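The following exercises concern the pockets of a protein model and the residues that line them. Please work through each task before reading its solution.

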Amino acid sequence: MRQHRRTLRLLGSLLLVAMAASVTGAAPAPAASPTPLDRVIPAPASVDPGGSPYRITRGTHIRVDGSRETRGVGEYLAKILRPSTGYRLPVTAQGAGGIRLRLAEGPFGAEGYRLDSGRSGVTITAAKAAGLFHGVQTLRQLLPAAVEKDSVQPGPWLVAGGTIKDTPRYGWRGAMLDVSRHFFTVEQVKRYIDQLALYKINKLHLHLSDDQGWRIAIDSWPRLATYGGSTEVGGGPGGFYTKADYREIVRYASSRHLEVVPEIDMPGHTNAALASYADLNCDGVAPPLYTGTEVGFSSLCAGKDITYDFVDDVIRELAALTPGRYLHIGGDEAHSTSHEDYVKFMDRVQPIVAKYGKTVVGWHQLTGATPAKGALAQYWGLDGTSAEEKARVVKAAQNGTGLILSPADRVYLDMKYTKDTPLGLSWAGYVEVKRSYDWDPGAYLPGVPGGAVRGVEAPMWSETLENSEHIEYMAFPRLPGVAELGWSSAASHDWERYKGRLAAQAERWNALGIEWYRSPQVPWGAGGR
């Protein structure tokens, strides 16, 4: 009888709720449901949903093995989750359940991972710490966007049940930041690193020198930074990184499992260096500092021995600061260097890079000389680039030169979205979100062997960009698509499905305080407001 009365009371309460909703026009709040496993960017290699979700609670621990690398990933995860959940989330090697990070042998490669989620907990397994870190980025996207906020949010913090198995398509998934046209501080670079890490980018290419500014201290040629770094486009104060600053960028990037690839652009794009030291000029006369945006007018003097002493010193000091494998020597738009001098210059400079233990990377004009064995060429041409120029790149790839694909009319993040975009340039055309995403790196240059394509990179040139808000507006929403092209299988690339997953990222960008472009090509929904 008591059970019967409780049932009647429950039915009466439900009736009152329904009546109130009909009067006010409000619907009862739906039960929270976790983000489906297949809604993340980049798209995982395989998803097997099923079973109960895991709920992060006040009693959740982050469990790690005894390695320093695993604990570092665990602490990183805890720092993300603690402010928004309000939970302690201790990182510990003891106990079971909760969120577990473990290193183990398996079919993961250097960056892959497996994520298993169920009622008792979430386990991320990888062979290397980079894989654990990438798995953590997936876990972030499976949690509500409010998890990114720096104040306590209501939750609940649910992770959908099931299994994700994931490995990247390409080993090079890069983003370039031009700190030469406009200088960006260490903190601004760190902010961009954190945004890149969310989408499993693993290379940060820093364009450290150009006509408008030299941005890295070189002890043996101190005026490069103090004088050559003293201005920028438009005549602002410029700036440069001390060696300690640069080491901090490298350290921070490494903590997010990004490898820094420094670039010293040469023999062109060198006015800041030429202005700093008269002897680097063929006529021995230093030009004035330059604050405009034209290209192709400067050149190191290929016929002078001091040029190669200079290059040796710069590469030696920069290589000593850079634990990564690569050093980028530029090589593009050397219009003021004769072909003969260009070939002579590259033949002498590439061995210097090898002497200091680094692998050469150059813009694809390097293929007009003889790329060193193992060198990588970064292709930045357009769909409409001449057949002759493309053929030269294809031939180099067939002869063993690896390619990084950065077609300017696809993934140059400084290109305007439309004619009305307030920032950026348009010499490569307008690059809306669909165009940036809707191509296949593996098939982009016909005739290139599949193994020659090492990956993709999204350059961000800074002629018109002066602060983090400008960087973010041009990167988002295009950057996640480039990251997916680099990570996910070609079979997963589908614009119609992708744009829905992209739209779901808007709330996360809002929570992170990221400035972004509301492309009309994407159905943003509530997050786009």
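**Exercise 1.** Determine which helix gives the most to the lining of the largest pocket in this predicted model.

*Solution.* Begin with the elements that each supply at least two lining residues: these are α2 (68–85), α3 (129–142), α4 (186–198), α6 (243–255) and α16 (506–512). Among them, α2 gives the most, with eight residues.

**Exercise 2.** Describe the space in the largest pocket, the residues closest to its centre, and the classes of its lining residues.

*Solution.* Start with the volume: the largest pocket holds about 810 Å³ of space. Next, locate its centre: 27 residues line this pocket, and Tyr76, Ile80, Arg140, Asp194 and Arg256 are the closest to the centre. Finally, sort the lining by class, which yields eleven nonpolar, five polar and eleven charged residues.

**Exercise 3.** Give the corresponding description of the second largest pocket, and identify the element that gives the most to its lining.

*Solution.* The volume comes to about 480 Å³ for the second largest pocket. Its lining consists of 25 residues, and those nearest the centre are Thr35, Leu143, Pro144, Ala145 and Glu507. Turning to the elements, α3 and α16 are the ones that give two or more residues to this lining. Of the elements, α16 gives the most, with three residues. By class, the lining of the second largest pocket comprises 15 nonpolar, six polar and four charged residues.

**Exercise 4.** Identify the elements that supply at least two residues to the lining of each of these two pockets.

*Solution.* The list for the largest pocket includes α3 and α16. The list for the second largest pocket consists of α3 and α16. Both helices therefore satisfy the condition for each pocket.

Conventions
Residues are numbered from 1 along each chain as its sequence is written. This is a predicted model: local features need pLDDT of at least 70, side-chain atom pairs count only at pLDDT 80 or more; totals for chains, interfaces and linings use all residues. Side-chain values use heavy atoms; hydrogens and water are left out. On a 1 Å grid over the protein atoms alone, a cavity is a set of points where a 1.4 Å probe fits but cannot get out, and a pocket is an open set with protein on both sides within 12 Å along at least five of seven lines; lining residues have an atom within 4 Å of a point. Grid points are joined across faces, edges and corners, and a volume is the space filled by probe spheres set on the points. Helices (H or I, at least four residues) and strands (E, at least two) are DSSP runs, numbered from the N terminus. Ala, Val, Leu, Ile, Met, Phe, Trp, Tyr, Cys and Pro count as nonpolar, Asp, Glu, Lys and Arg as charged, and the others, Gly among them, as polar.
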